[in-house]
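Visitor: I've got a structure on the screen and a pile of labels I'd like justified. Can you walk me through them?

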Amino acid sequence: MRVDTTGKISLDHIYTSPDPRAYFGTLRELDYNIPELAKPHFRRFIAEYRQALGVPRPTVLDIGCSYGINAALVKYGATMGELYDRYGGRDAHRRTRATLLARDRELTRSHETANDLRFLGLDASEEALSYALEAGFLDGTVHADLENGDPTDEQRAQLAGTDLVISTGCLGYVTERTISRIVEAQDGRRPWMAHFVLRMFPFDPIADTLAAAGYETVRHDGLFRQRRFATPQERSLVLDRLAAAGVDPAGLETTGWFYARLYISKPCT
């Protein structure tokens with residue numbers, strides 16, 4: 001498998017298929033489960049925001065949302081196990097994109113009465129966004145690469161009014177440039193943020209950017225397993241990167257898993 005500049009294997013191909021079968025088929029083999037671990041933290045975070053700000057139906061922006069996985073889990077109560085079975089079961093290869101979408105719409109419609117969140121997805125994959133929107137997981141999408149350019153007027157309007165910003169693994173590839181452009185699109189509003197970030201990626205540049213915009217960032221005490229290393233080469237390269245960053249992998253990444261930390265950023269009072 002090809003590795004990217006970070007030392008991780010390149011999984012670009014699983015984000016550009018017309019439906020999520022390649023995504024779940026690949027990641028199931030790697031025991032990818034961080035959206036499931038993030039789910040209770042996001043739900044508590046959203047509930048805290050709702051209570052503190054009195055917003056009955058907040059808008060959640062999911063950076064690097066791919067096929068709307070976090071929305072499916074947080075908003076519609078799905079589990080990663082259910083989604084793995086849904087898109088990677090024995091009969092999945094016989095289903096068409098249309099039949100997959102029809103089944104997903106049944107899931108989203110069955111939870112309509114509990115629909116007290118608006119999920120907006122930001123991603124560079126038009127195919128993944130299109131599927132998530134048609135399935136009903138996402139209420140809106142922003143197809144943009146904010147690492148390499150400012151949002152258009154239309155994209156700024158889509159991003160404006162965001163209440164909370166979340167992510168479960170894209171930061172590191174996505175940097176403070178994207179975070180800064182999201183904040184700037186709010187025209188003075190400062191959404192709360194919760195990001196799960198692999199230990200191999202420093203969060204300091206993002207924390208510094210947010211501090212300059214009036215935020216305070218706190219790191220959660222826990223650690224969260226993201227997925228298994230795919231190859232010995234990936235393991236070796238990631239351990240080298242951790243060592244270069246001064247991060248001790250003993251008992252964590254040395255056991256064969258990526259680990260992430262959770263960072264919570266809120267406007268200073």
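Here is a chat about the labels and the values behind them.

Guide: Sure, and one thing up front: this is a predicted model.

Visitor: Fine. What does the secondary structure of the protein come to?

Guide: You get 10 helices and eight strands. The C-alpha trace spans about 55 × 45 × 30 Å along the principal axes.

Visitor: What makes the radius of gyration agree with a compact globule?

Guide: Set one value against the other. A compact globule with 269 residues would have a radius of gyration near 18 Å, and the protein has 18 Å, so the two agree.

Visitor: How much of the protein counts as buried, and how much area is exposed?

Guide: Of the 269 residues, 52% count as buried. The exposed area is about 12100 Å², with carbon and sulfur atoms supplying 48% of it.

Visitor: And what share of the contacts is between residues 24 or more positions apart?

Guide: Counting contacts with a separation of 6 or more, that share is 79%.

Visitor: Let's talk charge. How many positive and negative side chains are there?

Guide: There are 33 positive and 37 negative ones, and the centres of the two sets lie 5 Å apart. Side chains of opposite charge can pair when their charged atoms come close. The structure holds 14 salt bridges.

Visitor: Why is the pairing of Asp104 and Arg86 called a salt bridge?

Guide: The cut-off is 4 Å between a side-chain nitrogen of Lys or Arg and a carboxyl oxygen of Asp or Glu. Asp104 and Arg86 come in at 2.9 Å, N to O, so the pair qualifies under that cut-off. Asp104 sits in helix α5 (residues 97-110) and Arg86 in helix α4 (residues 80-88), so the bridge ties together parts 18 residues apart in sequence.

Visitor: How do you know whether Asp104 and Arg86 are buried or exposed?

Guide: Buried means under 20% relative accessible area. Asp104 has 0%, so Asp104 is buried. Arg86 has 17%, so Arg86 counts as buried too.

Visitor: Which residue does Glu147 meet in a salt bridge?

Guide: Arg177, at 2.9 Å, N to O. This pair links distant parts of the chain: Glu147 is in the loop between β3 (140-143) and α7 (153-159), Arg177 is in helix α8 (residues 176-184), and they are 30 residues apart.

Visitor: What makes Glu147 buried but Arg177 partly exposed?

Guide: Glu147 has 10% relative accessibility, so Glu147 counts as buried. Arg177 has 41%, and partly exposed covers the range between the 20% and 50% cut-offs, so that is how Arg177 counts.

Visitor: What about Asp163, which residue forms a salt bridge with that one?

Guide: Arg189, with the closest N and O atoms 2.8 Å apart. Here too the pair links distant parts of the chain, 26 residues apart: Asp163 is in the loop between α7 and β4 (164-168), and Arg189 in the loop between α8 and β5 (192-198). Asp163 has a relative accessible area of 7%, so the label is buried. Arg189 has 36%, so the label is partly exposed.

Visitor: Last one. Where does Val183 lie, and why is Val183 called buried or exposed?

Guide: Val183 lies in helix α8. At 12% relative accessibility Val183 falls below the cut-off, so Val183 counts as buried.

Visitor: Which residues is Val183 in contact with?

Guide: Leaving aside neighbours within four places in sequence, the partners are Arg189, Met193, Leu210, Ala213 and Tyr215. Val183 and Thr162 are 21 residues apart in sequence, with 9.2 Å between their C-alpha atoms.

Technical notes:
Residues are numbered from 1 along each chain as its sequence is written. This is a predicted model: local features need pLDDT of at least 70, side-chain atom pairs count only at pLDDT 80 or more; totals for chains, interfaces and linings use all residues. Side-chain values use heavy atoms; hydrogens and water are left out. Helices (H or I, at least four residues) and strands (E, at least two) are DSSP runs, numbered from the N terminus. The radius of gyration is taken over C-alpha atoms; the globule rule is 2.2 Å times the number of residues to the power 0.38. Buried means under 20% relative accessible area, exposed over 50%, partly exposed in between (1.4 Å probe, protein chains only). Contact means heavy atoms within 4.5 Å. Accessible areas come from the Shrake-Rupley method with a 1.4 Å probe; for residues, only the protein chains shown count as cover. Lys and Arg count as positive and Asp and Glu as negative; His and the chain ends are not counted. The place of a charge is taken as NZ of Lys, CZ of Arg, CG of Asp or CD of Glu.
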